[in-house]
Amino acid sequence: LDVLVTIMDNTEGDIKWTRALLEVSHLSDHPGAALALQETLQPGSALGQLVVLEERAGGARWRVSRKASLVEAAESAASKSRLPRELTDLHPGTTHPGYVASVTAAGCFVRFLGRLTGLAPTPQLADTFVTDPKQHYAVGQSVRAQVLEVDLERRRCLFCLKPSQCGGGEAQLLQTLLRDMETAHAIAKQASSGVVPDWEKSLAVGAIVEGTVHEMKEYGVLVNLEANADVVGFVAVHQIGDATVEAGSKVTAKVLDVSKKEGIVDLSLLADMVAKKKKSKKDKALSLEMDQTLTA
């Protein structure tokens, strides 16, 4: 399962929010650490620094990554190993961090920001002879890619993934593994200690909360809650009543039930259930850009 991330920013006094998709393979540079984090993450867990990979269609507007190799490259914009977003950012001989988008018999397709993707042919995948690229690389795997060729007219680029040419990055991979495993351990320890997340206290049953309609479904309405963006508010069809609901509209609701495991809060919009008037609060969509880093 992938992770749905809510990113909030109140540095300017206004609440700004957006939803982002964080795929499991992008939880860490190391697949073992990514799996450990997947198994321990809970609603409300702090993810640390993320980098915006691309804008996408659907409920989660952005794809983000937690891979340290990508985050650090995005933060050091002046570095030669920065994250490229356009074909013109690539120059033969330079090396960039990226990730495997797909693996075929022809080799690995390496992706950077947005949809910028190039092929690393099979002979350029390793310092040893490679017969099956899938035995060496997996989709989502972190790589360091050296630019071999850039053809602006044909809109194509070729890369080399040989460790002897790309510098390997084993030290950074080891540091990432240790750091992310420690993070997974800390999250698991907190969960086993019975520590109650803040959202369980702020969204108590019977509380009146404010929110914004995120999406309309046949079976009900999904609501982004101002009290805590780490959980999902849900209004069943029979709890809508005469309330006007459409994507982006503000609503005042009453908390009916809280599912701690799933991070879902059941709400009611029925007039006789909601007695508190909606407060006035600015709420804007958070605008992101590719290669931007942020905390979630």
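Reader: Which residues of α1 meet which residues of α4?

Author: In this predicted model, helix α1 spans residues 31–40 and helix α4 spans residues 170–192. The contact of α1 with α4 divides into eight nonpolar residues, three polar and one charged. On the α4 side stand L177, D180, M181, T183, A184, I187 and A188, and they are met from α1 by G32, A33, A36, L37 and T40.

Reader: Is α1 roughly parallel or roughly perpendicular to α4?

Author: The axes of the two helices, α1 and α4, come within 9 Å of each other. They cross at roughly 15 degrees, and angles under 35 degrees count as roughly parallel. The crossing of α1 past α4 is left-handed. The crossing angle therefore makes the relation of α1 to α4 roughly parallel.

Reader: How is α2 oriented to α4: roughly parallel or roughly perpendicular?

Author: The axes of α2 and α4 come within 10 Å and cross at roughly 110 degrees. Angles from 65 to 115 degrees count as roughly perpendicular. The orientation of α2 to α4 is therefore roughly perpendicular.

Reader: Which residues make the contact of α2 with α4?

Author: By residue class, the contact of α2 with α4 divides into one nonpolar, three polar and two charged residues. From α4 come Q172, T176 and R179. From α2 come A68, S69 and E72.

Reader: Why is helix α2 described as largely enclosed by the rest of the structure, and which of its residues are buried?

Author: Helix α2 covers residues 68–75, and six of its eight residues are buried, so the rest of the structure largely encloses the helix. The buried residues of α2 are A68, S69, L70, V71, A73 and A74.

Reader: What does S69 touch, leaving out residues up to four places away in sequence?

Author: S69 belongs to helix α2. Its relative accessible area is 10%; under 20% counts as buried, so S69 is buried. Beyond its sequence neighbours, S69 touches D29, P97, S142 and Q172.

Reader: Which residues of the largest nonpolar core touch the most other members?

Author: The largest nonpolar core has 19 residues. Two or more residues each are given to this core by β5 (95–104), β6 (107–111), β8 (142–151) and β9 (156–160). The members that touch the most others are L90, V110, L125, Y137, F159 and L161.

Reader: Which element gives the most to the largest nonpolar core?

Author: The elements that give two or more residues to the core are β5, β6, β8 and β9. The greatest contribution is three residues, and the element that makes it is β8.

Reader: With which residues is Y137 in contact, leaving aside neighbours within four places in sequence?

Author: Y137 is one of the core residues that touch the most other members. Among its contacts are L125 and L161, which are themselves named with Y137 in that group. The full set is V100, V103, C108, L125, V143 and L161.

Reader: How far apart are the C-alpha atoms of K134 and C108?

Author: K134 is placed in the loop between β7 (117–121) and β8. At 58% relative accessibility K134 counts as exposed. K134 and C108 are 26 residues apart along the chain, and the separation of their C-alpha atoms is 8.7 Å.

Reader: What is the phi of R155, and is this residue buried or exposed?

Author: R155 sits in the loop between β8 and β9. Most residues other than glycine have a negative phi. In R155, a residue other than glycine, phi is positive, near 55 degrees. With a relative accessible area of 56%, R155 is exposed.

Reader: What separates the C-alpha atoms of T18 and L288 in space?

Author: T18 is part of strand β2 (residues 15–22). At 6% relative accessibility, T18 counts as buried. Along the chain T18 and L288 are 270 residues apart, yet their C-alpha atoms are separated by 8.7 Å.

Reader: What is the C-alpha to C-alpha distance between A227 and E210?

Author: A227 occurs in the loop between β11 (220–225) and β12 (232–236). Its relative accessible area of 42% makes A227 partly exposed. A227 and E210 are 17 residues apart in sequence, and C-alpha to C-alpha the distance is 7.2 Å.

Reader: Of the contacts in the chain with a separation of 6 or more, what percentage comes from residues 24 or more positions apart?

Author: The chain holds five helices and 16 strands. Of its 296 residues, 44% count as buried. Among contacts with a separation of 6 or more, the percentage from residues 24 or more positions apart is 62%.

Note on methods. Residues are numbered from 1 along each chain as its sequence is written. This is a predicted model: local features need pLDDT of at least 70, side-chain atom pairs count only at pLDDT 80 or more; totals for chains, interfaces and linings use all residues. Side-chain values use heavy atoms; hydrogens and water are left out. A nonpolar core is a set of buried Ala, Val, Leu, Ile, Met, Phe, Trp, Tyr and Cys residues joined through side-chain atoms within 4.5 Å. Buried means under 20% relative accessible area, exposed over 50%, partly exposed in between (1.4 Å probe, protein chains only). Helices (H or I, at least four residues) and strands (E, at least two) are DSSP runs, numbered from the N terminus. Contact means heavy atoms within 4.5 Å. Axes are lines fitted to C-alpha atoms, for helices over the stretch in contact, and angles run from 0 to 180 degrees between N-to-C directions. Angles under 35 degrees count as roughly parallel, over 145 as roughly antiparallel, 65 to 115 as roughly perpendicular and the rest as oblique. A crossing is left-handed if the near helix is turned anticlockwise from the far one by less than a right angle, and right-handed if clockwise. Ala, Val, Leu, Ile, Met, Phe, Trp, Tyr, Cys and Pro count as nonpolar, Asp, Glu, Lys and Arg as charged, and the others, Gly among them, as polar.
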